[in-house]
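Trainee: I am new to this structure and should be grateful for a close look at a single part of it. Could you take me through that part step by step?

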Amino acid sequence: MSRRGGGPVTVLNVAEKPSVAKSVAGILSRGTFRTREGRSRYNKIFEFDYAINGQPCRMLMTSVIGHLMELEFANRYRKWHSCDPADLYQAPVMKHVPEDKKDIKKTLEEEARKSDWLVLWLDCDREGENIAFEVVDVCRAVKHNLFIRRAHFSALIDRDIHEAVQNLRDPNQLFAEAVDARQEIDLRIGASFTRFQTMLLRDRFAIDSTGEERSRVISYGPCQFPTLGFIVERYWEIQAHEPEEFWTINCSHQSEEGLATFNWMRGHLFDYASAVILYEMCVEEPTATVMNVPHPRERFKYPPYPLNTIELEKRASRYFRLSSEHTMKVAEELYQAGFISYPRTETDSFSSRTDLCAMVEEQRRHPAWGSYAQRLLEPEGGLWRNPGNGGHDDKAHPPIHPTKFSSGESNWSRDHLNVYELVVRHYLACVSQPAKAAETTVEIDIAGERFSASGRAILAKNYLEVYRFESWGGSVIPVYEKGQQFIPTTLTLDSAVTRPPPLLCEADLLSCMDKAGIGTDATMHDHIKKLLDRGYATKDANTRFSPTNLGEALVMGYDDMGYELWKPNLRALMERDMNEVSVGRKTKAEVLETCLQQMKACFLDARVKKSKLLEAMTIFFERSNNTDESESQTAGEVIRRCNLCNESDMALRKNRDGNFMVGCMNYPQCRNAVWLPGPTLEASVTTDVCQTCGPGPVYKILFKFRQIGIPPGFDVNHLGCIGGCDDILKQLIDICGTGSRSQARRAPGTVPSNNIQGSNTRQGNFCIHCQQRGHASANCPSRATAFRNSRLTATNPRNDESTVSCNTCGTQCVLRTANTEANRGRQFFSCPTQGCSFFAWEDSINNSSGNATTGSNSGGSGRRGRGRGGRGGQSGGGRRNSGTSFVSATGEPVSGIRCFSCGDPSHFANVCPNRNNSNGNYY
DNA sequence: GCAAGGTC
């Protein structure tokens, strides 16, 4: 530190925000500063005397409000039509102080003129460093010989601040340059793509009905587009989901001591045949043997880490359904009024120097959580625990915590009360012991299958007592002893179908952004709001986001071009480059040159491929200059009542690509759609009502297919039904596909649907056999028929080991290899006909000697060789092969497939007319 | 009229 001789020097101190200026002034002057107005009503000037390294100083402390300057194109490039948007990659840019910051600039100039030193108290992050250089530029312009220093502090507490001012350093040019590069790249990319896509699309399409197209901006930004991308990607994932049926065995045991619910340790199987065989075996020998009763284990549920901005936003969304943007507005108001600490922080750990107890003490007066706060402070209660460390520290702000007691102010809304309560309870939870429980897991064996049940006894709720937003359920199970045997009260084979993931909620979206490094804690909510404001996405009452047509079309357009401009990778690469600049491994110029060169090439190429964007838009929007055509697009002939929303009719439509579909007229609220075969040339609704499908009338469609587009054997004319009964339509869709765009966007590895109800439906839970809603496939009437009709033996007329015909429908069966854990490698025949469930193990048919023994069959997995205890001393192979029949564990022959409910060999138990369980479960 | 980043 250079010193100046003579009297005191005048030091201009500048902080990033007024609150920090006031805090620093308060700490350095020990509360004795004088306040004077500046040009800006928010940015006061605080004056006090202080000695820096022995040098007496007259301190002037003021602030800016975040960035003082903005980056802007040179004048002649500012008007949208003034240049080719591609020119924006080289157009000169400059920093300028915007109108609303001019008064702050004036204050800085006036105070700098009378100062000898400039000390920068900006936040200690990259943006803060950049703002520091903005302040330097303004001040140096009026006082070129200013002595400039930077204060480094990590918290607004006495020791840090005094240390900072006694150890002033140089500002970090590299940090500032990294931000400069980021700003320039964001501006050039954002402006060029925004102008390009707005001018390309706005006037060509009727994007909204309000006639506001002329003022609509279709913006592109390196943060807003990846955020939109997350929403669209999840939406596509849901659309592409094919429900898949799976099976699981559930078991319960009711005793005098209570009920235990056992879960199958295999989880679930997707192979019905395997599941039913394992189930049969359990039902045949249902005695359960307790295998394992470990001692209760102590479990803990830990309180959350100290609260940072993203967690505050996520939790407020989850607990109170507040939008992240509104949460931040409310938090800002609470902060301004002094009730909570600074709400924009990444930090989720408290500095060891924080006085944690003081914050608890204040809260003892609160009627709701005061007594908990009191108990926290009593050492004998043992409730206190030092808070965890979440591993994030922005070196500028502590975690969000209460700073002033309140039991609710008169001007607070419900949202203020909620956010304050969340901050307080979260803080109290952080300094509390974890909840404690004792967990017991009982494992049983039924016919070689393992099941487990768990019980949890809560021993101490601890932090959960105050953190009412979280819970930890306790459940009691009876006491079991190893070796104990019992007969289960229920043993059911249950089916369910896989469901698509839900739409992203606000907390999910924030997590995606956080993980991918999109935006900062202070800006994430802005990006989300921007998507809503721009009309790219909508948010429903459950805070779940769907893309709008515009949002989906934009992402689809760029995706079709082959670009990942809507994915987070671009931002991640930029972020990596910024880091390289800030540590000096790359220069700002280097990064700007390579990045902008690549982005310009990408921009030019996107412009060449603009037809992709136009095509994507055409799928969703009418051309704004052709109203006649648009009428024919929106009108349509009614086919049926929508079986998804039940609110509107579904009508036959043709899109601009010439593809036909039957869609819900309540679109876009309901997106139920049935896409028709790709080769459909003409389609018209008839007055014929399908006699099979329902509910309500389903009118048949007269199709004319392109001869060249359909396989031999199909007629070009076809009177068809979209209700699910029409096998010809299903086959054509299977073979030729539809015009649906989502077909092309199926998740990798998924099989194209032969489900005529369409991959566009947004809810699962319809029967995968007959495509109707209202029942699971276990209860499907068509399936029941197939089972009932099923002959219970397979024949092998040619005595050919590899050929078996299904005796139900005569189709040649397919020899498959089991891939379930129980039967891996074992081969079986199954009928390929849709709806026919014929099934037979290969070794059951071909090994008809009747003397098959334990585990000796070819391909046997050993599953059948496992000792199962139980009746008659049979130590294995309870089911012996005898032609296509089986012998039971007691040696009695039983038919291969029979009902385990009533014993009737004509049907399976899940379709047994005597079953008494409306869910189709049976025992 | 474009971006994202500060903050009142």
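Mentor: In this predicted model, helix H8 passes helix H9 in a right-handed crossing. The two helices pack at an angle of about 115 degrees, and their axes are 9 Å apart. H8 covers residues 309–320, while H9 covers residues 324–336. On the side of H8, the contact is made by Thr309, Leu312, Glu313 and Ala316; H9 contributes Ser324, Thr327, Met328 and Ala331. By class, the residues of this contact are four nonpolar, three polar and one charged.

H9 also leads to the DNA. Together with strand S5 (70–73), helix H5 (173–201) and helix H14 (524–533), H9 is among the elements that each supply at least two residues of the surface near DNA strand B. The largest share of that surface comes from H5, with nine residues. In total, 43 residues surround DNA strand B, and the closest are Ile65, Lys101, Arg202, Tyr342 and His527. This surface is made up of 13 nonpolar, 15 polar and 15 charged residues.

As for the DNA itself, 63% of the strand B atoms within 4 Å of the protein belong to sugar or phosphate, and the rest belong to bases. Several contacts involve phosphate oxygens of this strand. A polar side-chain atom of Thr520 lies 2.8 Å from one phosphate oxygen of DNA strand B. The backbone takes part as well: an N or O backbone atom of Gln224 is 2.9 Å from a phosphate oxygen of the strand, and a polar backbone atom of Pro222 is 3.3 Å from a phosphate oxygen of DNA strand B.

Technical notes
Residues are numbered from 1 along each chain as its sequence is written. Chains are lettered from A and ligands numbered from 1 in the order in which they are written. This is a predicted model: local features need pLDDT of at least 70, side-chain atom pairs count only at pLDDT 80 or more; totals for chains, interfaces and linings use all residues. Side-chain values use heavy atoms; hydrogens and water are left out. A residue is near a molecule or strand if one of its heavy atoms lies within 4 Å of it. A polar contact is a pair of N or O atoms within 3.5 Å; within protein, one must be able to donate a hydrogen and the other to accept it, and residues adjacent in sequence count only if both atoms are side-chain atoms. Helices (H or I, at least four residues) and strands (E, at least two) are DSSP runs, numbered from the N terminus. Ala, Val, Leu, Ile, Met, Phe, Trp, Tyr, Cys and Pro count as nonpolar, Asp, Glu, Lys and Arg as charged, and the others, Gly among them, as polar. Axes are lines fitted to C-alpha atoms, for helices over the stretch in contact, and angles run from 0 to 180 degrees between N-to-C directions. A crossing is left-handed if the near helix is turned anticlockwise from the far one by less than a right angle, and right-handed if clockwise. Contact means heavy atoms within 4.5 Å.
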